[in-house]
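Let us go through this fold by question and answer. Start from the model itself.

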Amino acid sequence: MENRVNYLLLMNRQARKERQEKLWGSVSSRMSEAHRFLATDFTDFHRFIKNNPCEFVKSVARVWDCDGSVIMATMSLTIAVDLGGTHIRVASYNSESITPVAHFRTRTNAREPGVFDRLVQAIENVWDAKAISIGVASPGPLDPYTGTILATPNIPEWQNFPLASKLSEHFGVPVHIDNDANMAGFGEWTFGAGKGHHNLVYLTISTGVGGGVICNDTLLQGFHGLGAELGHMIVDPNGPPCGCGKHGHVEAFSSGTAIARYAAEQIQAGQKSPLRFDNAQRELSQGQLTAKLLADAALQGDPLAISAFARAGKYLGIAVANYLAIFDPSIVIFGGGVSQVGDLLFKPFEESLREHTFHPHYLDNLVIAKAALGDDVGLLGALAWARYKRTRAE
Ligand SMILES: [Zn+2]
């Protein structure tokens, strides 16, 4: 092992000497040789690097007189996992890159036993001896400090499940987890619409409402690691029940599920709609009455569908006015399927936001933006988080 390291260091010394003498052709071939050497499948060698990454990179970087990231780019991979309710997605990335070297997708089958084994198999599909850490975006609630899933309704068999330590034990590398919305917010901040901002609020509006907050360049996690559950902010204590069982959370007004439920209730109460659902409640429970269908109806001028989105936008505005007062962000980013409907939701949202914001100065230069990372936001968030935690540990 030591011989291999010494050989590489010797090669690097020669490259440096040649560089000083401006023998660029030799430097380049020397570097290619080093890259080939590093890329060769020396399992022991990679294990050595993996166990001593900082020390190794620093020593090589010193000899090579270059940025350690150049070397990391050649020799290390980060694995990112997006653990969703329906699919597990995994991908491996070279350092500094956000284009996956390999990716794999499989069904979660969250209600059936064996989710952990399916997750391990999925990771093994992209695994490489050069992998040095794993980042996971998981459904919450969870404790990111211990890497424990507390009791996610999406995966019933995981009750106080020590996900990070079990994965770390299996793969022999550090594992960093946080909830999917926090990871999405972190991903948008690192690579997406929030790049360059120091204070950011991210909201995803789909079947539920999730959130992530960057506060003075730090992901807000809180004392228990349960921070920034923005969807469960109370906007009316007498409001409808939320997915979590409590009442009047913004998720209970502004999620896709809430929008469809409100429309079904109005139809049942006798409000006329060109949608003409004979039994709106049944169609709602069968998943036929959706926010997507309502958006299409609203765009054709259906007043009930328009009012369902207007109501969602109004309460979303109240919630965001609260977030402005607490976090004072320079950007609010919206992701998730329901946020794609545009003006239907965002016109009433902006009116409500202006009406409820405590001081107009919060709105000066405030950017309201669409998420930029699309379906890969969970993976890229987990990737960004694993890299961030690694740099912090060095
Ligand atoms: Zn709730």
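Two residues are in contact if their C-beta atoms, placed from the backbone, lie within 7 Å. This is a predicted model: local features need pLDDT of at least 70, side-chain atom pairs count only at pLDDT 80 or more, and totals for chains, interfaces and linings use all residues. Residues are numbered from 1 along each chain as its sequence is written.

Q: Among contacts between residues at least 6 apart in sequence, what share joins residues at least 24 apart?
A: Take the contacts in the protein chain between residues at least 6 apart. Those joining residues at least 24 apart make up 63%.

Q: Which strands stand at the edges of the five-strand open sheet?
A: Strands are DSSP runs of E, at least two residues; helices are runs of H or I, at least four; both are numbered from the N terminus. Two strands pair if DSSP finds at least two bridges between them. The order is E11-E10-E9-E12-E13, with mixed pairing. Each edge strand has a single partner, so one side is left without a neighbour in the sheet: these are E11 (218-219) and E13 (367-370).

Q: Where do the buried residues of helix H12 (residues 291-299) lie around its axis?
A: A residue is buried if 20 or more other C-beta atoms lie within 10 Å of its own, exposed if 12 or fewer, and partly exposed in between; C-beta atoms are placed from the backbone. In H12, Ala 291, Leu 294, Ala 295 and Ala 298 are buried. Seen down the axis, they fall within an arc of 105° (taken from the directions from the helix axis to the C-beta atoms), so they line one face of the helix.

Q: Which helices help cover those buried residues?
A: The cover of the buried residues of H12 includes three helices. They are H10 (256-268), H13 (303-327) and H14 (343-356).
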